[in-house]
Structure formats: structure tokens, C-alpha cells
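Dear colleague,

I am handing over the structure we spoke about, and I would be glad if you could look through it with my notes beside you. The notes follow directly below.

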Amino acid sequence: MKKQTTKPASPDTFHTRAVRLIQRIPKGKVVTYGQVATLAGEPRGARQVVRILNSSWKTEKLPWHRVINRNGQISLPPGGGYELQKSLLEKENVVFGPDDTIDLGRFLWKPRK
DNA sequence: GGCGTGACGTCAG
DNA sequence: ACTGACGCCACGC
């Protein structure tokens with residue numbers, strides 16, 4: 001059996017598990033990169049979550065707008081989707097603070113352990 | 001094929 | 001409390 005040069009489509013890859021979690025985000029809730037990464041098995045793999053969003057957002061149709069940073073703020077730069085994400089979240093009853101911060105204590109999605 | 005970058009987060013000083 | 005550096009890994013050049 002020869003070794004597969006390309007990455008096998010393992011059902012338990014970080015990529016796949018992260019996608020599953022993101023797709024499970026209920027409406028009106030948000031999750032942080034670190035949270036997704038941690039739940040997927042990589043406490044330090046927040047950057048990989050970013051990579052997944054950029055890559056699988058089209059193919060997997062992920063609710064990328066429900067993923068924010070640890071500060072409860074939108075990381076996207078203005079003109080790069082920031083306004084779009086904020087708009088989408090507000091449509092889901094997500095409230096932004098005076099600093100464009102989201103109250104994670106109320107809107108952070110806590111998956112059933 | 002190697003180096004740098006990136007929608008971040010955590011650790012150390 | 002704040003700043004700086006590192007880490008994780010895939011993709012681009």
C-alpha cells in the first residue's frame with residue numbers, strides 16, 4: 001500500500017471538526033477563533049480557524065460572520081467585510097457595545113460539553 | 001522547494 | 001496591567 005502524497009480526507013481533521021462546530025452555531029450567537037480551535041483540539045490553532053474560514057466559507061457555506069476575536073470584536077478591516085459582518089450580526093439580535101464590542105457573556109455560544 | 005504571511009491566541013517579561 | 005514574541009499550519013510567491 002503506497003503512502004498517499006495528498007492529505008487524506010480524514011473525518012477527524014482539525015479542519016473538518018472546526019467546520020462542524022461553526023455550522024452548529026445557533027442564530028444570534030457567536031464564537032471566538034480560540035474557542036473553535038480549542039474545541040477542535042488545537043488550543044493554539046486560532047490561525048488555522050482563520051484559514052478555514054477563508055477557504056471553506058464558499059465550499060462549506062460557513063456562517064463566517066458569527067466568528068469573532070477574543071475581544072468580542074470584529075477583526076475584519078473596514079471595507080473588507082467589517083460592515084457586512086456587523087450588519088449580519090445585528091440582524092440576528094446581536095448587540096454591539098460603544099466600542100463595537102459584543103457582550104460575550106450573553107452572545108457567546110457555549111456548546112454542550 | 002523554501003520563506004513569509006495571516007479574519008488570533010496564549011505565554012513570558 | 002501592558003508590550004513583545006512565539007506558536008499553530010495552510011497557502012502564496
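In this predicted model, helices H2 and H3 pack with their axes 8 Å apart and at an angle of about 100 degrees. Since angles of 65 to 115 degrees count as roughly perpendicular, the two helices are therefore described as roughly perpendicular to each other. The contact is made by Tyr33, Gly34, Val36 and Ala37 on the H2 side, which meet Ala46, Val49, Val50 and Leu53 on the H3 side. Sorted by class, the residues of this contact are seven nonpolar and one polar, with no charged residue among them.

Helix H1, which spans residues 14-23, has a set of buried residues, namely Phe14, Thr16, Ala18, Val19, Leu21 and Ile22. These buried residues of H1 pack against H2, H3 and E2, so that H2 and H3, besides meeting each other through the residues listed above, both take part in the packing around H1.

For orientation, chain A contains five helices and two strands, and from the N terminus on its elements follow the order α-β-α-α-β-α-α. The chain has 113 residues, of which 38% count as buried. Among the contacts in chain A with a separation of 6 or more, 57% are between residues 24 or more positions apart.

The DNA side of the model begins with strand B, which is surrounded by 14 residues, the closest being Arg47, Arg51, Trp64, Arg70 and Leu76. Of the atoms of DNA strand B that come within 4 Å of the protein, 50% belong to sugar or phosphate, while the rest belong to bases. The polar contacts to this strand include both kinds of partner: an N or O atom in the side chain of Arg47 is 2.8 Å from a base nitrogen, a polar side-chain atom of Asn54 lies 3.3 Å from a base nitrogen, and a polar side-chain atom of Ser75 lies 3.4 Å from a phosphate oxygen. The elements that give two or more residues to the surface near DNA strand B are H2 (33-40) and H3 (46-59), and H3 supplies the largest share, with six residues. By class, the surface near DNA strand B divides into six nonpolar, four polar and four charged residues.

Around DNA strand C the residues are Glu42, Arg44, Arg47, Gln48 and Arg51, and sugar and phosphate make up 44% of the atoms of DNA strand C within 4 Å of the protein. Here a backbone N or O atom of Arg44 lies 3.5 Å from a base oxygen, an N or O atom in the side chain of Arg47 is 3.1 Å from a base oxygen, and an N or O atom in the side chain of Gln48 is 3.3 Å from a sugar or linking oxygen. The surface near DNA strand C has four charged residues and one polar residue, with no nonpolar residue. You may wish to look at Arg47 in particular, whose side chain has a polar atom 2.8 Å from a base nitrogen of DNA strand B and also one 3.1 Å from a base oxygen of DNA strand C.

Several loop residues are also worth a look. In the loop between H3 and strand E2 (67-68) sits His65, which counts as buried because its relative accessibility is 13%; leaving aside residues up to four places away in sequence, His65 touches Gln85, Leu88, Leu89 and Glu92. Lys61 is found in the loop between H3 and E2 as well, but Lys61 is exposed, with a relative accessible area of 67%, and its phi is near 55 degrees, a positive value in a residue other than glycine.

A positive phi, near 65 degrees, is also found at Asp100, again a residue other than glycine. Asp100 is in the loop between H4 (82-90) and H5 (104-107), and with a relative accessible area of 27% it is partly exposed. Lastly, Gly41 lies in the loop between H2 and H3 and, at 43% relative accessibility, counts as partly exposed; Gly41 and Trp109 are 68 residues apart in sequence and 17 Å apart in space, taken from C-alpha to C-alpha.

With best regards

Definitions and conventions: Residues numbered from 1 in each chain as written. Chains lettered and ligands numbered in written order. Predicted model: local features only at pLDDT ≥ 70, side-chain atom pairs only at ≥ 80, totals over all residues. Heavy atoms only, no water. Near = heavy atom within 4 Å. Polar contact = N/O pair within 3.5 Å; in protein donor to acceptor, adjacent residues only side chain to side chain. Helix = DSSP H or I, 4+ residues; strand = E, 2+ residues; numbered from the N terminus. Nonpolar A, V, L, I, M, F, W, Y, C, P; charged D, E, K, R; others polar. Axes fitted to C-alpha atoms, helices over the stretch in contact; angles between N-to-C directions. Parallel < 35°, antiparallel > 145°, perpendicular 65-115°, else oblique. Contact = heavy atoms within 4.5 Å. Buried < 20%, exposed > 50% of the residue type's maximum accessible area, 1.4 Å probe, protein only.
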